[in-house]
Amino acid sequence: MIIDERVAEPAPPPEPALRLRGIRKRYGPIVASDGVDLDVHHGEIHGLLGENGAGKSTLMKILLGLVHRDEGTILLNGEPASITSPQDAAARGIGMVHQHFSLIEALTVWENVILGDTGGIDREAACGQVAEVSVRYGLPIDPLARVESLSAGERQRVELIKCLRRDPSVLILDEPTSVLTQAESSELFTVLRHVVRTERRAVILISHKLAEIAEATDRVTVLRRGRVVFHGVTADTGPRELARQMVGREVSLGAEAAALGILPVGPAADGRAADGRAEVGRAEVGRAEVGRADAPGAGDGAPAAAAPALRLRELTVTVDGVARLTDFSLDVAPGEIVALYGVEGNGQTALGDLLAGLVVPDKGTVEIAGRPVALDRPGALHRAGLGIIPEDRHGHGVVLDMSVAENLVMKSLDGVSGRGFVSRRRMYATARRLAEEFAITAPSLDAPVRSLSGGNQQRLVLARELSAGPSVLVAAQPTHGLDVGAIEDMYRRLRAAAASGVGVLLISTELEEVMALASRIAVISAGRVAGVLPTGEATAERLGMLVGGMAA
Amino acid sequence: MTSHVPAGATSKGRKGNPAGRRALPLPGPGFWWTAAVTVAGVLVALALSSALIAATGGSPADSVAALFQGSVADATAWTSTLLYTAPLLLVAVGTCVAARSGLFNIGQEGQVLIGAMAGAWVGLRLAVTGPALLVCVLVAAMLAGAAWAGLSALMHRYRGVNVVVSTLLMTFIAQQVVAFAVNTPALLQESRIGDGTLAPQSNPLPPSALLGSFGEYPALQVNGGLVLAVAGAVIVAVALSRSRWGFKLTMLGHNPDAARHAGFRTTLLGGGALALSGAFAGLAGAVLLTSPIGVNRLQPGMAMNIGWDGLLVALVARNRPLLAVPVAALFGVLRSGGSFLAATGVPAFLVDVVKALLVLAFVAPPVVVGMVRRRRMARAGAKPVPALEEAIA
């Protein structure tokens with residue numbers, strides 16, 4: 001968490017643990033990896049930074065034998081290695097913890113850990129090994145616990161133990177903190193430092209979060225469009241320099257900085273005056289939004305204007321016998337951006353599904369612009385004026401095999417059809433207007449949504465939802481998997497929506513995102529609202545305590 | 001921000017490419033591969049068929065000649081071919097409707113029988129005269145077919161019974177119900193004339209309940225059933241690609257969650273599609289009953305596997321109603337030519353084998369090509385999208 005904790009860069013030993021030279025990989029016309037050189041030394045944490053699609057995953061897949069390189073050499077401890085399968089990679093001491101865990105939920109911890117081993121099964125020995133690894137690295141876990149009963153942080157520990165038990169010389173972690181609380185992230189980095197300093201292993205940390213790279217790594221390599229564009233000692237490089245290298249241009253502060261994850265997350269360190277300015281700017285934005293929010297209400301003078309755009313009251317949702325939301329209450333005023341912040345898996349999905357009309361709560365009410373909504377009626381929320389960017393875009397946000405035009409009008413067929421038939425002229429007119437207004441780049445309006453990039457798909461969803469003129473917009477993880485440009489754009493549009501009087505509920509796991517956008521931050525923990533803070537009073541520490549379920 | 005090209009500015013040829021074609025990867029490389037593999041598949045199927053016929057002591061050349069003579073050589077042959085085409089097409093069109101909504105109705109054989117039974121009941125028992133009786137027969141058959149398929153929809157809605165399983169099993173119940181009806185004098189069994197023995201069949205339908213034909217023997221005769229079937233195919237094709245209902249159904253089929261999220265009553269929509277597909281099968285049953293394809297009596301064997309073959313037609317036509325028209329005609333050729341072929345000494349089951357080989361040749365290629373491409377894409381990390389974007393930006 002604190003940058004100064006970083007141990008001074010040790011003199012690199014002559015032979016790096018891992019040396020990549022001229023790694024090249026093409027997929028048809030796309031060069032995913034364009035002559036990448038990378039040295040990772042024993043005893044260092046090496047950050048691999050880059051936007052989505054920069055080639056980080058391809059490189060790691062090559063290293064793990066999941067993808068075959070077209071050109072280039074891999075040297076492990078100075079010896080050329082041909083890695084053609086994941087088994088090869090494991091045998092040569094390369095271990096990876098994937099972003100999405102590869103654990104079997106129905107099995108216990110020890111069973112998951114020995115999965116893939118050959119030979120007889122010795123439960124006692126396996127449990128012993130798990131306990132031994134867990135003590136050695138400070139990763140407390142019960143070997144007999146079932147994985148399904150574990151939290152995301154605990155599951156990651158299992159993945160780590162699984163890797164470390166095989167005594168890897170190179171350990172790769174792909175976006176390891178995306179499911180962790182601040183406290184859990186700090187713990188993880190402590191373990192990693194131990195692994196690196198005392199056992200001289202090499203660690204590759206893949207991330208798109210600059211703060212994290214700056215905090216945890218010794219050296220850093222930045223990839224952009226398949227090439228290494230920067231490479232150096234982290235301590236000598238500021239986050240802004242890294243941001244510039246990653247995006248390929250000078251970055252402004254504010255939304256863009258938040259998109260990159262360089263807003264101050266810890267106590268503001270020296271030399272961070274620039275980030276301090278960003279904070280001021282953000283506060284002003286927040287105030288401005290509140291000011292604007294008041295304006296339409298005063299103008300109307302109607303009693304309904306006082307009603308919140310969205311009022312959730314004591315919502316309880318039980319899925320498969322597990323309470324996902326418990327007495328969940330939250331208000332969003334018109335023109336306000338309220339963030340619901342929390343670690344993944346604390347009820348956000350249930351809330352998103354509820355607001356998407358896919359789940360009916362056991363009890364509780366939803367009011368939109370002062371009117372209660374009959375939640376058991378299909379489409380009632382949409383008709384009442386709720387727009388939603390769902391967390392699982394492909395799940396129900398878009399229909400991938402239908403065209404851009406069809407996806408843009410699918411929730412407002414009344415507007416483009418008469419007497420039972422969809423007017424193609426009106427459908428294309430509406431679609432063309434929305435595509436232009438929201439800068440949706442597509443091969444054509446007839447192209448299936450599947451052929452669009454994530455950012456364009458997300459803009460399409462936003463365009464469709466806002467075109468219905470909603471009083472409230474729910475954005476669940478709206479920037480997941482988008483590149484920096486698309487994230488900035490999403491932020492701008494969410495702000496614009498709020499400025500036009502729409503109440504925005506932003507459900508996010510990204511601290512920087514909620515700090516940058518929201519005027520109030522509600523923290524969700526275990527299906528309840530643990531607390532609500534105005535952004536001005538929110539700090540990473542206070543939010544962190546709320547996330548952990550403690551009062552702040 | 002990079003320069004955005006608004007979608008409208010780059011769309012080309014939109015008018016010539018109605019959205020109903022979206023399921024087919026038309027101009028892409030996948031299309032040509034699929035076409036090439038299909039041609040190869042058909043050639044292999046024909047080669048295998050010839051080998052089989054030769055192996056069973058027949059002459060492949062004679063067999064082809066017989067197939068040709070029995071199906072398309074002259075007006076009479078064409079008449080017979082088109083008689084088979086009509087019910088096949090009706091079943092296939094119904095299958096397209098259900099498949100579009102993501103449900104797989106495979107119980108058409110039973111729905112055909114139930115439709116025919118309801119038609120026979122109305123035709124024999126209803127005191128209506130003139131062409132109105134025919135209309136009553138057709139409507140009754142459609143309603144009965146819809147109800148039979150609707151039962152599966154209800155089982156799915158209230159008990160979560162898999163639609164594929166329930167429609168399939170309901171076929172066997174339908175066969176028993178019809179067998180019972182034509183074996184029970186109080187129901188539909190034929191009346192006793194003198195002291196002859198009773199066959200398990202109904203009385204023949206009155207002439208006013210029969211579908212007429214255009215054209216006189218020996219010229220080509222086109223039965224009214226074919227007119228109904230082609231009209232049905234066109235109407236369904238237009239409705240699926242142009243109507244709100246078709247839009248919703250397509251959405252439901254591609255992504256039920258999205259359809260639910262958009263506020264459609266998905267249960268009603270899906271159940272309705274299933275019932276409609278049953279209605280088409282029921283109508284096929286009525287056509288079998290009232291056209292000169294058979295003896296115009298309800299008989300337990302009268303469905304003649306039309307329900308199963310209609311499914312295959314839809315399968316080969318990739319669930320597109322207009323494409324089902326020529327495919328149904330091809331299956332009609334195989335049926336009428338097949339019975340002629342059997343007369344030349346080639347075992348009748350060989351015709352079924354040939355048919356199965358041809359179906360495989362048509363159905364397998366897109367699946368195989370898709371599989372190969374997916375595997376290649378998976379190996380390549382599946383990232384064609386940015387390229388597409390950059391290419392047009």
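In this predicted model, strands β16 (residues 386–389) and β19 (residues 472–476) of chain A run parallel to one another, joined over four bridges. One of the pairings puts A:Leu386 opposite A:Val472 of β19(A) as its bridge partner. Side chains in a regular strand alternate between the two faces of the sheet. In β16(A), A:Leu386 and A:Ile388 sit on one side, with A:Gly387 and A:Ile389 on the other. Neither face is left open, as all four of these residues are buried.

Over in chain B, the domain assignment gives two domains, each built from two segments: domain 1 takes in 26–58 + 364–393, and domain 2 takes in 65–190 + 199–345. Their C-alpha centres are 31 Å apart.

Helix α9 of chain B (residues 244–254) is mostly covered, with nine of its eleven residues buried. The buried set is made up of B:Gly246, B:Phe247, B:Lys248, B:Leu249, B:Thr250, B:Met251, B:Leu252, B:Gly253 and B:His254. What do these buried residues pack against? Within chain B, the partners are α4 (75–100), α8 (224–242), α10 (256–261) and α11 (266–290). Chain A joins in too, through α14 (404–409) and β18 (421–422).

One of those partners, α4(B), is itself mostly covered: 23 of its 26 residues are buried. The length of α4(B) also checks out, because 26 residues at 1.5 Å a residue should span 38 Å, and the end C-alpha atoms are 36 Å apart, which agrees. Just past the end of α4(B), B:Gly102 adopts a positive phi of about 85°.

Key. Residues are numbered from 1 along each chain as its sequence is written. Chains are lettered from A and ligands numbered from 1 in the order in which they are written. This is a predicted model: local features need pLDDT of at least 70, side-chain atom pairs count only at pLDDT 80 or more; totals for chains, interfaces and linings use all residues. Domain bounds come from an automatic or database domain assignment. A residue is buried if 20 or more other C-beta atoms lie within 10 Å of its own, exposed if 12 or fewer, and partly exposed in between; C-beta atoms are placed from the backbone. Helices (H or I, at least four residues) and strands (E, at least two) are DSSP runs, numbered from the N terminus. Two residues are in contact if their C-beta atoms, placed from the backbone, lie within 7 Å. The expected span of a helix is 1.5 Å times one less than its number of residues. Two strands pair if DSSP finds at least two bridges between them.
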